[in-house]
Amino acid sequence: MIPTPDGKYDRSDYVAKRVALREKNPLANLPYVIDGDVCVDEICGLDLDAPVHTLVDPWLSKRGQPTIMELWKGHEAEIGVVTSRMLLSMQSGMPDYDSHQLQLWTLEHPAADFLPIQFLQNVSKAFLFQPGEGGAYSGDGYVLMGLVLAAVLDAADWSDLDQLQLTFE
């Protein structure tokens, strides 16, 4: 988005592109919604600078799932400061998933889906760098961000996350 002379952002072109993209696949354009922060606040009131475990852990516990802090036992200092802003800007320090391991699992379970919690259970818990102090792609970071959105929107389950709630008109 380009700022107008008064320092504000004209989102008319941005909104038009988003509406067109939404018709194809609502979640595929999630990064466009989130890019620029202002849109996330309008969608669900998400505080991008809150540690994600404070948002996700109660939601996971309520569903009988291990919490982020439990999954990252031994790395609580790093995961405890990871925010949505870090996840979205690829600055969390989380590694990406092991594509070979996932390929083997998929071949062994051709009719099953590898669920988001499985990605988080299986990703290496060793950080590539201290959160906020570097940059590296992490698909698992986006998986965790999906759980943040499910928690903030109080979806009953990851699969119940209403993707259309993530857009605006």
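The legends below describe four close-up views of a predicted model.

**View 1. The largest cavity and its lining residues.**
The structure holds two cavities of 30 Å³ or more. The largest cavity encloses about 70 Å³ of space. Its lining consists of Tyr97, Asp98, Gln101, Leu102, Phe114, Phe119, Asn122, Val123 and Asp140. Five of these lining residues are nonpolar, two are polar and two are charged. Two helices, α8 (99–108) and α9 (116–122), each contribute at least two residues to the lining of this cavity.

**View 2. The aromatic cluster of Trp105, Phe114 and Phe119.**
The model contains two aromatic pairs. One of them joins tryptophan 105 and phenylalanine 114 in an edge-to-face arrangement, with 4.9 Å from centre to centre and 70° between the planes. Tryptophan 105 and phenylalanine 114 are both buried. For phenylalanine 114 and phenylalanine 119, the ring centres are 4.8 Å apart and the planes stand at 90°, so this pair is edge-to-face. Phenylalanine 119 is buried, as is phenylalanine 114. Trp105, Phe114 and Phe119 make up one aromatic cluster. Phe114 and Phe119 also appear among the residues that line the largest cavity.

**View 3. Helix α10, residues 139–152.**
The 14 residues of helix α10 reach 20 Å from the first C-alpha to the last, close to the 20 Å expected at 1.5 Å a residue. The helix is mostly covered, with twelve of its 14 residues buried. Near the start of the sequence range, the buried residues include Gly139, Asp140 and Gly141. Val143, Leu144, Met145, Gly146, Leu147, Val148, Leu149, Ala150 and Ala151 are also buried. Asp140, one of the buried residues of α10, is also part of the lining of the largest cavity. Aspartate 154 follows α10 and has a positive phi, near 55°.

**View 4. Lysine 125 over the ring of tryptophan 72.**
This view shows a charge placed over an aromatic face. Lysine 125 lies over the face of tryptophan 72, at 5.0 Å from the ring centre.

Notes: Residues numbered from 1 in each chain as written. Predicted model: local features only at pLDDT ≥ 70, side-chain atom pairs only at ≥ 80, totals over all residues. Heavy atoms only, no water. 1 Å grid on protein atoms, 1.4 Å probe; cavity = no way out; pocket = protein on both sides within 12 Å on 5 of 7 lines; lining within 4 Å. Points joined across faces, edges and corners; volume = space filled by probe spheres on them. Helix = DSSP H or I, 4+ residues; strand = E, 2+ residues; numbered from the N terminus. Nonpolar A, V, L, I, M, F, W, Y, C, P; charged D, E, K, R; others polar. Expected span 1.5 Å × (residues − 1). Buried < 20%, exposed > 50% of the residue type's maximum accessible area, 1.4 Å probe, protein only. Phe/Tyr/Trp six-rings, centres within 6.5 Å; stacked < 30°, edge-to-face > 60°. Lys NZ or Arg CZ within 6 Å of the ring centre and 35° of its normal.
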